[in-house]
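Reader: I have a structure in front of me. How do I start reading it?

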Amino acid sequence: MLTIKNLSAGYGKVQVLHGISLEVPKGQVVTLIGSNGAGKTTTMRAVSGMIKPTGGEITLNDRRIDGLESYHIARRGLAHSPEGRRVFATMTVTDNLRLGAFPRYTGERPKGDIAGDLERALELFPRLKERRLQLAGTLSGGEQQMLAMARAVMLNPEVVLLDEPSMGLAPILVDEVFRIIESLKARGVTMLLVEQFAAAALKVADYGYVLENGRIAVHGPAAKLRDDPAVQAAYLGGG
Ligand code: ATP
């Protein structure tokens with residue numbers, strides 16, 4: 001469903017990705033592992049159109065999306081929950097969530113049941129439900145991170161890119177984030193996940209890719225990567 005072939009991208013003259021290829025099949029969770037600066041975030045940005053790829057092809061359901069504006073990529077059903085806490089601080093939680101559904105409108109009519117999806121999103125994120133009328137800027141950092149994730153879900157997307165959803169969260173919230181990823185998976189949501197907790201990511205994922213200096217070094221079924229001594233030594237704290 002999401003296919004990346006030979007993707008190159010970077011910033012100005014600095015090339016970060018050197019021809020990476022990966023696939024995210026429908027209904028699966030695929031994780032991208034790598035050390036700091038390997039290019040994980042850059043991959044996500046190139047897929048969602050935040051930066052323009054300099055080479056390669058990206059297709060969503062067999063249609064090319066590379067080179068499109070990010071808004072049009074979102075309309076095709078690709079949601080990006082970016083690294084950091086990108087929420088609209090002066091709007092309420094509920095309004096932030098409604099904005100996530102904005103690309104589903106063509107003219108005045110939205111695709112699907114937005115009110116129902118809003119209720120389902122709030123059920124999935126109970127912390128946000130309790131704070132639905134609070135201004136997003138007054139949420140804790142962890143809650144803002146969850147709001148960014150919930151907003152991506154409001155697109156009712158074909159594929160969600162989750163960039164470090166647990167970054168900076170207290171351990172109890174990290175567990176909650178992984179529980180939410182599990183529930184999304186159970187609903188059949190296709191995900192590409194970047195996570196600092198590589199072991200936990202490989203537990204929830206079906207398949208994994210290891211990115212080193214902008215190239216895919218190893219890939220394979222998640223269970224296999226978890227048992228790979230080289231992957232363990234480099235990314236799983238030695239086991
Ligand atoms: P991390 O785990 O630290 O988030 P990452 O694998 O996500 O790392 P990227 O954020 O993709 O890595 O960064 C890859 C390289 O691109 C790094 O060397 C980084 O300094 C550089 N880079 C990232 N964003 C920019 C930018 N906006 N302008 C210039 N260089 C950038």
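Author: We will take the strands, then the ligand. Keep in mind that this is a predicted model.

Reader: Which way do strand 1 and strand 4 run?

Author: They run antiparallel. Strand 1 covers residues 2–11 and strand 4 covers residues 55–60. Five bridges join them. For one pair, find I4: I58 in strand 4 stands opposite.

Reader: And how do side chains sit along a strand?

Author: In a regular strand, side chains alternate between the two faces of the sheet. Keep that rule in mind as you follow a strand on screen.

Reader: How many bridges pair strand 4 and strand 5?

Author: Two, again in the antiparallel sense. Strand 5 is residues 63–64. There, R63 is the bridge partner of L60. This hairpin has two residues between the strands.

Reader: What phi does N61 take in that hairpin?

Author: N61 takes a positive phi near 50 degrees.

Reader: Now the ligand. How many residues surround the ligand?

Author: The shell counts every residue with a heavy atom within 4 Å. Here that makes 13 residues, and the closest are G37, G39, K40, T41 and T42. Helix 1, residues 40–48, gives the most to the shell, with four residues.

Reader: What is the shell made of, by nonpolar, polar and charged residues?

Author: Three are nonpolar, six polar and four charged.

Reader: Where do oxygen atoms of the ligand meet T42 and K40?

Author: At T42, an N or O atom in the side chain is 2.5 Å from a ligand oxygen. At K40, a polar backbone atom is 2.8 Å from a ligand oxygen. T41 also places a polar backbone atom 2.8 Å from a ligand oxygen. Overall, the protein covers 60% of the 640 Å² of accessible area that the ligand has on its own.

Methods. Residues are numbered from 1 along each chain as its sequence is written. This is a predicted model: local features need pLDDT of at least 70, side-chain atom pairs count only at pLDDT 80 or more; totals for chains, interfaces and linings use all residues. Side-chain values use heavy atoms; hydrogens and water are left out. Two strands pair if DSSP finds at least two bridges between them. A polar contact is a pair of N or O atoms within 3.5 Å; within protein, one must be able to donate a hydrogen and the other to accept it, and residues adjacent in sequence count only if both atoms are side-chain atoms. Accessible areas come from the Shrake-Rupley method with a 1.4 Å probe; for residues, only the protein chains shown count as cover. Ala, Val, Leu, Ile, Met, Phe, Trp, Tyr, Cys and Pro count as nonpolar, Asp, Glu, Lys and Arg as charged, and the others, Gly among them, as polar.
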